[in-house]
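Charged side chains offer one way to read a fold, and the paragraphs below follow them from one pairing to the next. Please keep the sequence and the model at hand while reading.

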Amino acid sequence: MRIPLVVGNWKMHGTQAVARELAQTVRDGLKRPRGVEVVVCPPFTALAAVALGAQNCHWEEQGAVTGEISPAMLAEVGCRWVLIGHSERRHIFRETDEEINRKVGAVLRHGMRPVLCVGETEEERRQGLTFTVVEGQLRAGCAGLSSDDLARCVLAYEPVWAIGTGVNATPIQAAEVHGYLRGLVSEVASKELAQSMRILYGGSVKPDNAQALTEQPDIDGVLVGGASLQAPGFITIAKKSAARSGASKE
């Protein structure tokens, strides 16, 4: 069984002191969580204090790339996960599929695990292009990776129209895309790898919709934005996601 994964993306929120307190509160609230894996991705300045996941990285080892951070720097402070291709990186910072692919490779080379994000805009969904968009992003993001590399990747479907809007995809809408993505992984790699790869849902995830989403058989956890900044709600989301694996919600 695929163990649910819950990732909290804190985005550009929180000083080191805030990050330490929030991470400690989440850890204490979950204690030793059964049936779920939990990762938080704080801002870069708080990585040394909360070294689990990073929100982005560059693909180069070093160089004249002002304002960027290398995968070696992330690994040095203990990062184990890196978000790659988040919709805000794609649409605000105009990251291309080629750049995202290079980042995925760099993360893997440094022993960390990428969470490759894919998803369509509202206009693309309206035009019926959802499957075309996510397929293109998945194939481009995974281009050139070996089966062993792919086995270390996690996918996250995050419809752009649901991020920060308060309007999440329905469980049925999300499940449809997740099933399609799993089928694509089967084509790109193998049926065995497709069945073992975790695919998360991201987009206005809250305590009151997390369980309905993760009850879908192809949804293996959630990528949480704003709700991850409130410890009680994030803890509830993690516990409800754990219910997918049969663990107690107590």
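What follows is a walk through salt bridges in this structure, which is a predicted model.

Side chains of opposite charge can pair when their charged atoms come close. The structure holds 13 salt bridges, and one of them joins the side chains of Glu-60 and Arg-102, with 3.7 Å from N to O. Because Glu-60 sits in the loop between strand 3 (53–54) and helix 2 (71–76) while Arg-102 belongs to helix 4 (residues 97–109), this pair ties together parts that are 42 residues apart in sequence. Glu-60 is partly exposed, its relative accessible area being 35%, and Arg-102 is likewise partly exposed, at 36% relative accessibility.

A pairing within a single helix is found at Glu-123 and Arg-126, whose side chains form a salt bridge at 2.6 Å, N to O. Both residues lie in helix 5 (residues 122–126), where they are three residues apart, about one turn of the helix. Glu-123 has a relative accessibility of 37% and therefore counts as partly exposed, whereas Arg-126, at 60%, counts as exposed.

Glu-187 and Arg-139 also meet through their side chains in a salt bridge, at 2.8 Å from N to O. This pair links distant parts of the chain, since Glu-187 is in helix 8 (residues 171–188) and Arg-139 is in helix 6 (residues 130–141), 48 residues apart. Of the two partners, Glu-187 counts as exposed, at 56% relative accessibility, and Arg-139 is partly exposed, with a relative accessible area of 35%.

Finally, salt bridges also form a network, in which Arg-2, Arg-182, Asp-218 and Asp-220 are linked.

Terms used: Residues are numbered from 1 along each chain as its sequence is written. This is a predicted model: local features need pLDDT of at least 70, side-chain atom pairs count only at pLDDT 80 or more; totals for chains, interfaces and linings use all residues. Side-chain values use heavy atoms; hydrogens and water are left out. A salt bridge is a side-chain nitrogen of Lys or Arg within 4 Å of a carboxyl oxygen of Asp or Glu. Helices (H or I, at least four residues) and strands (E, at least two) are DSSP runs, numbered from the N terminus. Buried means under 20% relative accessible area, exposed over 50%, partly exposed in between (1.4 Å probe, protein chains only).
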